[in-house]
Amino acid sequence: MQDLYINRQIGDFLLQDLLEKRVSVSLYRATQQSLKRFVMFKLVNHKGIEDDPGELREDLEQYIHTVVGLEHLHLQPIYAYGVIDAEHIYIAGRFTSGTLFELLEAGALPTERALEMAKQMIEALAYIQSKGFVHRSLSPHVIYLDETGGAYINDLELAHIVKSARSINDLKKLIDEPFYISVEQLECAEVDFCSEVYNFGAVFYHMLTGVPPFKNGHDDSFEAVLRRKCHNDVVPPRSINPSVPVELQTLVLRLIRANPAERFPDISMVREPLMRMGQTLNITTPPEPLMSRVKAWVARIL
């Protein structure tokens with residue numbers, strides 16, 4: 001079925017290619033006509049929860065206005081945003097070569113590269129938290145990569161929508177996969193910075209192993225994954241990728257403990273042990289495999 005937005009002009013943007021479709025987000029490559037440049041054009045459906053209050057759109061617009069003001073080296077820059085119909089808000093941002101999810105389709109990252117990217121993510125998340133924000137939907141899908149492999153966190157604006165979820169059924173309409181969000185978020189309880197530690201740890205696990213945590217391939221429903229999370233029923237990273245150092249495995253498993261008290265209270269506290277570990281391990285894995293994947297993305301996109 002033909003996408004209704006392909007070749008459509010929305011404001012200064014001409015939508016050209018559908019890059020990815022998620023439960024509440026569609027991503028397009030578009031051209032910003034006035035500046036003759038490619039942009040990442042995102043349509044966000046804010047009507048995923050049927051009983052949303054009527055003022056959600058106005059609240060969401062105000063929230064996005066605040067998010068636009070956040071600037072960090074590893075946050076995806078936003079160029080423009082607006083409303084196009086009763087259900088969608090659009091956001092135009094910097095065009096990037098691909099996502100971490102696409103990169104991980106080829107398997108686990110070299111440990112050196114995983115550590116480097118994890119540090120970039122921590123810096124961005126610590127900045128977000130210093131401004132009082134919790135991302136709520138961090139996953140490899142929302143971490144974009146440039147042509148050199150630099151990481152940029154996106155989709156912070158979705159936090160305002162995801163926050164409105166009151167049940168697992170609500171979450172299914174807003175979040176694509178249950179593997180990365182915390183136990184407390186899956187239970188639709190109040191979340192805080194400690195929940196973001198869990199999100200980061202789950203993404204980091206995927207980077208080191210090539211597979212999401214708590215995935216078994218038989219029953220990966222939200223309910224089944226929640227049960228495994230509650231029992232800390234996760235395969236240790238070294239059982240999947242023996243090259244993962246023991247110290248790093250210990251850290252990752254702490255980040256994704258079901259009990260928030262057993263994690264770190266906020267993401268900034270993960271920075272120091274991770275940096276110390278990188279220095280102690282003295283890892284020297286060359287970056288060529290990553291660059292080969294990046295070049296493949298660029299060839300595909302262009």
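This passage walks through a strand sheet, its aromatic pairs, one helix and one loop histidine in a predicted model.

The sheet is a handy place to start. It is open and built from six strands, which line up in the order β1-β2-β3-β4-β6-β5 with antiparallel pairing. The edges are taken by β1 (9–10) and β5, each of which pairs on one side only. Further in, strand β3 (residues 25–32) runs antiparallel to β4, and eight bridges hold the two together. On its other partner, β6, strand β4 is again antiparallel, this time with seven bridges. The β3 and β4 hairpin leaves four residues between the strands, and lysine 36 takes a positive phi there, near 55°.

Some of the individual pairings are worth picking out. Phenylalanine 41 of β4 has tyrosine 28 standing opposite, and towards β6 phenylalanine 41 stands opposite alanine 92. Valine 44, for its part, has isoleucine 89 as its bridge partner in β6. As a general point, side chains in a regular strand alternate between the two faces of the sheet.

Now for the rings. Seven aromatic pairs turn up in the structure. One of them is phenylalanine 41 with tyrosine 90, which sit 5.1 Å apart centre to centre with 15° between the planes, and the pair counts as stacked. The stacked label applies because planes under 30 degrees apart fall in that class. In sequence terms this pair is a long reach: phenylalanine 41 belongs to strand β4 (residues 37–45) and tyrosine 90 to strand β6 (residues 88–94), 49 residues apart, so distant parts of the chain are linked. Phenylalanine 41 is buried, at 0% relative accessibility. Tyrosine 90 is buried too, with a relative accessible area of 12%; both qualify because buried means under 20%. Ring pairs also bring in Phe13, which joins Phe41 and Tyr90 in a cluster.

Two arginines are placed over aromatic faces. Arginine 37 lies over tyrosine 79, at 3.8 Å from the ring centre. Arginine 254 lies over the face of phenylalanine 264, again at 3.8 Å from the ring centre.

Turning to the helices, α7 (residues 193–209) has 17 residues and spans 25 Å from first C-alpha to last, close to the 24 Å expected at 1.5 Å a residue. The helix is mostly covered, with 16 of its 17 residues buried. At the start of α7, a side-chain oxygen of aspartate 192 comes to within 3.0 Å of the backbone nitrogen of cysteine 194. After the helix comes glycine 210, with a positive phi near 85°.

Last up is histidine 74, found in the loop between α1 (56–68) and β5 (78–83). Loop or not, histidine 74 is buried, with a relative accessible area of 12%. Leaving aside residues up to four places away in sequence, histidine 74 touches Gln120, Ala124, Ala151, Tyr152 and Ile153.

Methods. Residues numbered from 1 in each chain as written. Predicted model: local features only at pLDDT ≥ 70, side-chain atom pairs only at ≥ 80, totals over all residues. Heavy atoms only, no water. Phe/Tyr/Trp six-rings, centres within 6.5 Å; stacked < 30°, edge-to-face > 60°. Buried < 20%, exposed > 50% of the residue type's maximum accessible area, 1.4 Å probe, protein only. Lys NZ or Arg CZ within 6 Å of the ring centre and 35° of its normal. Expected span 1.5 Å × (residues − 1). Polar contact = N/O pair within 3.5 Å; in protein donor to acceptor, adjacent residues only side chain to side chain. Contact = heavy atoms within 4.5 Å. Pairing = 2+ DSSP bridges.
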